[in-house]
Amino acid sequence: CRPEVSGLPRYNSGLSEEEVQRRYGLKNIVKLGSNENPYGPSDLVKSGWDVLMGRLGRYPDAGAATLRSDIAKTCGIAHDRVLVGNGSEQIIRMIAEAYLSPRDRVVTVRPAFGLHEICPRMMGAVVDAVPITAEATFDYAAMLAAVHQPTKLLMFANPSNPVGCMMTGEALRALIEACPPDTLIVVDEAYREYAEQDPDYPDARAILEKQARPWIILRTFSKAYGLAALRIGYALTSSADVTATLDSVRDPFNTNMPAQVAACAALADTAYMQDCVSKTVAERERVVQLLVTQGLFVAPTWTNFVFVRTPMLADKLSTALLERGIIIKPWKEAGFENWIRISIGLPEENNIMLRALADLVL
Ligand code: PMP
C-alpha cells in the first residue's frame with residue numbers, strides 16, 4: 001500500500017455492547033465510551049419508522065435534497081452551502097481527499113478526535129498537532145505560533161473531543177485572522193448543542209462569515225439528536241464552490257434513506273433535543289462533582305463527556321471496568337496514558353460507573 005497508509009495510527013472506535021458481552025460473558029453493559037445521547041432520538045423519529053420500512057427497496061435521494069433544505073432553513077443558509085455525510089466522519093475524510101496533497105501542512109490539537117489527524121495523514125499531509133495545556137485547555141499562544149507558518153488546513157473541534165474544553169470567540173477570531181489568507185478553516189462542532197447553553201460559546205459561523213477565505217463547519221446528528229446508529233452529519237460551507245468541491249469526492253449515495261428521513265424528524269423536534277441536553281448537562285455537573293470528591297482531576301468540559309486524569313494507567317483501568325461490564329475510553333497517546341474519557345449516561349449508569357471507579361482507583 002502507499003507509505004502514508006502503512007504508517008497510519010488506527011482510529012479507536014471503542015468497544016460495542018455486543019463485543020463486551022461476548023468477550024466477558026456479561027449480560028448488562030453500561031456503555032459510556034462513545035459520547036452518545038443515552039435518551040435516544042425523539043418520538044417523531046420513531047413514528048416515521050413504519051413508512052421507512054415500506055421504502056427500503058428504493059435508492060435514497062443521492063442529493064439528500066429534503067434534509068439539506070431543512071438544515072438550510074434551520075441554519076438560515078443557502079441550500080447549496082449545505083452538504084450531508086455518512087456521519088461527519090465521512091465529511092472529514094472528504095475534506096482531506098478534496099483539499100490535501102502530499103506535504104501540505106495541517107494544524108490541529110492533541111489530543112484530538114482521531115480522524116482530524118488520520119485523514120490528513122492518509123493524503124500524505126504533515127500534521128502539526130499542538131498539545132493542550134497542563135490546565136487541559138487550548139494552548140492559544142502555541143496555536144497562534146503554529147498557524148504563522150504556511151498552513152493548508154486548520155481543523156479542530158470546539159468544544160474539543162476528548163478534552164471537552166471550549167475556545168472563546170475572541171481566541172477563535174484571533175486564531176482565524178492569524179492564518180495565511182488561503183488556509184481552509186474547519187471548525188468541528190459535533191458537541192455544540194451541549195456548549196450552546198454557555199453565553200460565551202462562540203458563534204463560529206458569524207465569525208467565519210466575515211472572512212474572505214474558505215471555511216467549513218461540521219455538525220452531527222450522532223450526539224444531542226440521538227441518531228448515532230444511522231450515521232448522519234452535515235457541513236455548512238463558506239460558498240457553493242466549497243460544497244461543489246466536496247461533492248466531487250462524495251460517494252453518490254453517501255447517506256441512506258432512513259438516516260435522511262430520521263434526521264429531518266429529529267431536526268423538527270428541537271424541544272426534545274434541548275431536553276436531552278439539559279438532562280445531560282445537569283447530570284454531567286453531578287458526575288464532575290463526585291469525581292472531584294474522589295480526588296480525581298477532571299478537565300473543565302462543555303460537552304456530554306468528561307476527560308479525567310487517574311492515578312492508574314488508562315488501559316489497565318479500562319480493562320478492569322470492562323470486566324465489570326462498563327465501557328469507557330482510555331487514552332493511549334504519549335503524555336495522556338493516565339487519562340480516560342467517560343460519556344455522561346443515564347443517572348443509574350453513571351452511578352454504576354462512579355461506584356466501580358471508587359473501588360478501583362481509591
Ligand atoms: N467530530 C468529533 C469531534 C467527534 O467527537 C465525532 C464523533 N465522536 C465526530 C466528529 C464524528 O461524528 P459522526 O461521524 O458520528 O457524525
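How many of the five residues of strand 10 (residues 305-309) are buried? Four of them are, so this strand is mostly covered, given that a residue counts as buried when 20 or more other C-beta atoms lie within 10 Å of its own. Keep strand 10 in mind, because we will come back to its partners after a look at the whole chain. The model you are viewing is a predicted one.

Let us start with the overall picture. The chain has 362 residues, and 46% of them count as buried. Along the chain you can find 16 helices and 13 strands. Its C-alpha atoms fill a box of roughly 55 × 55 × 45 Å, taken along the principal axes. A compact globule with 362 residues would have a radius of gyration near 21 Å, and the chain has 20 Å, which agrees. Contacts also tell us how the chain folds back on itself: among those between residues at least 6 apart in sequence, 74% join residues at least 24 apart.

A record adds a label to much of this. In an unreviewed UniProt entry, residues 28-351 are annotated as "domain: Aminotransferase class I/classII large". Over residues 28-351 the chain is 39% helix and 17% strand. The C-alpha atoms at the two ends of that stretch are 14 Å apart.

Now back to strand 10. On one side, strand 9 (residues 297-298) pairs with strand 10 in the antiparallel sense over two bridges. These two strands form a hairpin, with six residues between them. Within the hairpin, Val298 stands opposite Val308 in strand 10. Strand 10 also pairs with strand 13 (residues 339-343), again in the antiparallel sense, over five bridges. Here Phe305 stands opposite Ser343, and Val308 stands opposite Ile340. Val308 therefore has a facing residue in strand 9 and another in strand 13, given the pairings that bridges define.

What order do the strands of this open sheet follow? The order is 9-10-13-12, four strands with antiparallel pairing. Strand 9 and strand 12 (329-330) stand at the edges with a single partner strand each, so one side of each is left without a neighbour in the sheet. As background, strands of a sheet pair through backbone hydrogen bonds, either parallel or antiparallel.

Next, let us visit the ligand. The shell around the ligand holds 13 residues, and Gly87, Glu89, Thr220, Ser222 and Gly233 come nearest. By type, the residues of this shell divide into four nonpolar, seven polar and two charged.

Another residue to find is Lys223. The unreviewed UniProt entry gives Lys223 the annotation "modified residue: N6-(pyridoxal phosphate)lysine". Lys223 is found in the loop between strand 7 (215-220) and strand 8 (233-237). Is Lys223 buried or exposed? It counts as buried, because it has 30 C-beta neighbours inside 10 Å. Leaving out residues up to four places away in sequence, Lys223 touches Asn35, Asn37, Ala190, Tyr191, Glu193 and Asn304.

For contrast, look towards the start of the chain. Glu4 sits in helix 1 (residues 3-6). With 14 other C-beta atoms within 10 Å, Glu4 is partly exposed. Beyond its neighbours within four places in sequence, Glu4 is in contact with Arg121, Met122, Met123 and Gly124. A little further along, Glu17 belongs to helix 2 (residues 17-24). Glu17 is partly exposed too, with 15 other C-beta atoms within 10 Å, and its contacts outside its neighbours within four places are Ile29 and Lys31.

Finally, a few details of the backbone deserve a look. A cis peptide bond joins Asn158 and Pro159, with omega about 0°. The peptide bond from Asn161 to Pro162 is cis as well, with omega near 15°. Pro159 lies in the loop between strand 5 (153-157) and helix 9 (169-178), and Pro162 also has its place in the loop between strand 5 and helix 9.

Two other residues have a positive phi without being glycine. Arg103 has phi near 75° and lies in the loop between helix 6 (88-99) and strand 3 (105-110). Arg103 is exposed, with 10 other C-beta atoms within 10 Å. Ala136 has phi near 65° and is placed in the loop between strand 4 (126-131) and helix 8 (140-146). Ala136 counts as partly exposed, with 18 C-beta neighbours inside 10 Å.

Terms used: Residues are numbered from 1 along each chain as its sequence is written. This is a predicted model: local features need pLDDT of at least 70, side-chain atom pairs count only at pLDDT 80 or more; totals for chains, interfaces and linings use all residues. A residue is near a molecule or strand if its C-beta atom, placed from the backbone, lies within 6 Å of it. Ala, Val, Leu, Ile, Met, Phe, Trp, Tyr, Cys and Pro count as nonpolar, Asp, Glu, Lys and Arg as charged, and the others, Gly among them, as polar. UniProt positions are given in the numbering used here, feature names are shortened, and annotations may be inferred rather than shown by experiment. A residue is buried if 20 or more other C-beta atoms lie within 10 Å of its own, exposed if 12 or fewer, and partly exposed in between; C-beta atoms are placed from the backbone. Two residues are in contact if their C-beta atoms, placed from the backbone, lie within 7 Å. The radius of gyration is taken over C-alpha atoms; the globule rule is 2.2 Å times the number of residues to the power 0.38.
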